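Student: I have this protein open in front of me. Please take me closely through one part, the packing inside and the loops that go with it.

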Amino acid sequence: MEPNGQVFRGRTPEEARARLRRALGTDSESIELLGVRHYREGGFLGFGGVPVCEIVARRAPPRRRKPAGPEPPPRASLRRPARFLERAYGAGARDDSAAASRAAVPNDDGGGQAVSASAVDVGMLHAELSAMRSVMEQICRRAAVQHPPSVCPELFDSYLQLVEAQVAEGLAKSLVERVQKDLAGAGAPDSAAVRAHLLRVLSEVIRTGGPIRLKAGRCTTVALIGPTGVGKTTTVAKLAARFALIERKRVALVTNDTYRLAAVDQLYRYGELMRLPVREVSSPAKVRGVLDEFRDMDLVLIDTAGRSQRNALLMNDLRLFLEAARPDETHLVLSSTSECSLLGAVVERFAPFKVDRVLLTKLDEAVSLGVLLNVLLRIDKQLSYVTTGQAVPDDLEVGDGRKLAGMLIGEAAQSA
Ligand SMILES: Nc1nc2c(ncn2[C@@H]2O[C@H](COP(=O)(O)OP(=O)(O)OP(=O)(O)O)[C@@H](O)[C@H]2O)c(=O)[nH]1
Ligand SMILES: [Mg+2]
């Protein structure tokens, strides 16, 4: 058995799986899956790259067989309930139905008959216990709510799901109460109707403003600001590639991040690859001159230094720089991987800035969409773009309220 597994690649998951089956056989019980990865290979800045699905797997250790000899008496019916009860109250209780149904299949030791019979009883017992368990969980969850919304049971379930997905209680309450009010005349709503309407309400509250719109006949300047490491420079590169290479616009890049050589280099490298002019601006006094130089461009993207929001002096530098630059749009870049408390602190520190839109990065690694919803509504600015990975320019999408709402409800349903 290979300890680290073998790697199987293909353009599609099917192709990778076919290679895996040719090498390791078709018996899925004897294959142990160690990991699956999707990425793009080759191309220029992600353009023209080909998708790759990579599966790492190895042969599973052989199952232990009973020693040859006379068949022992069928004791499974005595042992299984004890094992089942042990599992039902342990962490693995959720897997029991699968385990019980596996037990009902005759096994290759020939002892399938006796196990099957007991598995039927165990299966029924399991079903009843898990139904009781879910009722008790529901009662406990309801009892824990301090200010319950006055809504129908279906909406109360949606409320609990939203709260479990970390949507703030007050917000979750106002969302379900609004759905209740909207559906008031429609008799007792079923869960599908409740879900569809909640989706509609959520997509409305997630305000989006579409992509950057270039001003006709003059240069549009857009600045990205935000805490350090959230993905500002990568997003500037994605936006530049979109506008310059896809929409064929004249684009220039400006950075005020002159403190760190690596940061300036990063932007120059992108500029070089896309053949775009790049300027670094070391002081607010120089920014107007540079923007004047670029007045014939369609779009100037301003990348700013990642400021620790705790450093008041650096935050003041940024404020002075933006006041001098007077961008048409300033997007506050927030990482979806930040914890709730950190996002709250960031929003507070950037509140004095004139922020026009919010841009969410790293949605592919989001900690909780509920937390993002809370922050978006707190800032009360339109969402511009979301980024969904490191690939330039592929992993950039115009913010879509309905899509985010769908992801949030999906996440909420899963966490229930
Ligand atoms: N998973 C994921 N990673 C991303 C995404 N966008 C950017 N990154 C990664 O985040 C890291 C930081 O990105 P930068 O663009 O350098 O971040 P920054 O905000 O400019 O950082 P500072 O200039 O230090 O403030 C890099 O490793 C990027 O590849 C995204 O959408 N998803
Ligand atoms: Mg940067």
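Tutor: A word on naming to begin with: helices and strands are DSSP runs, with helices being H or I over at least four residues and strands E over at least two, numbered from the N terminus. The model is predicted, so local features need pLDDT of at least 70 and side-chain atom pairs count only at pLDDT 80 or more, while totals for chains, interfaces and linings use all residues. Residues are numbered from 1 along each chain as its sequence is written, chains are lettered from A and ligands numbered from 1 in the order in which they are written, and side-chain values use heavy atoms, leaving out hydrogens and water.

Let's start on the inside. A nonpolar core is a set of buried Ala, Val, Leu, Ile, Met, Phe, Trp, Tyr and Cys residues joined through side-chain atoms within 4.5 Å. Buried means under 20% relative accessible area, exposed over 50%, and partly exposed in between (1.4 Å probe, protein chains only). The largest such core holds 63 residues, and Val300 and Leu334 touch the most other members. Helix α13 (residues 369-379) supplies the largest share, seven residues. Because domain 2 (150-206 + 403-416) and domain 3 (220-399) both give residues to this core, it lies between them; the domain bounds come from an automatic or database domain assignment. A second, separate core has 25 residues, among them Val222, Tyr270, Val278 and Leu299. In soluble globular proteins, nonpolar side chains tend to be buried together.

Now zoom in on Val300. Contact means heavy atoms within 4.5 Å. Leaving out residues up to four places away in sequence, Val300 touches Cys219, Thr220, Thr221, Val222, Ala252, Val254, Leu291 and Phe294. Of these neighbours, Thr220 sits in strand β4 (residues 220-225) and is buried, at 0% relative accessible area. With the same sequence neighbours set aside, Thr220 in turn touches Arg213, Leu214, Lys215, Asp298, Leu299, Val300 and Asp328.

Leu291, another contact of Val300, leads us to a helix pair. In α10, Pro284, Val287, Arg288 and Leu291 meet Leu320, Phe321, Ala324 and Ala325 of α11. Those contact residues divide into seven nonpolar, no polar and one charged, where Ala, Val, Leu, Ile, Met, Phe, Trp, Tyr, Cys and Pro count as nonpolar, Asp, Glu, Lys and Arg as charged, and the others, Gly among them, as polar. Helix α10 (residues 284-293) and helix α11 (residues 312-325) pack at about 30° with their axes 8 Å apart; axes are lines fitted to C-alpha atoms, for helices over the stretch in contact, and angles run from 0 to 180 degrees between N-to-C directions.

Finally, the loops on either side of α13. Asp364 lies in the loop between β9 (357-361) and α13 and is partly exposed, with 44% relative accessible area. Beyond its neighbours up to four places away in sequence, Asp364 touches Thr387, Thr388 and Gly389. Asp380 is in the loop between α13 and β10, and at 47% relative accessibility Asp380 is partly exposed as well. Asp380 has a positive phi of about 60° although it is not a glycine. A little further on, the peptide bond from Val392 to Pro393 is cis, with omega near 0°, and Pro393 is in the loop between β10 (382-387) and β11 (396-398). For comparison, most residues other than glycine have a negative phi, and most peptide bonds are trans.
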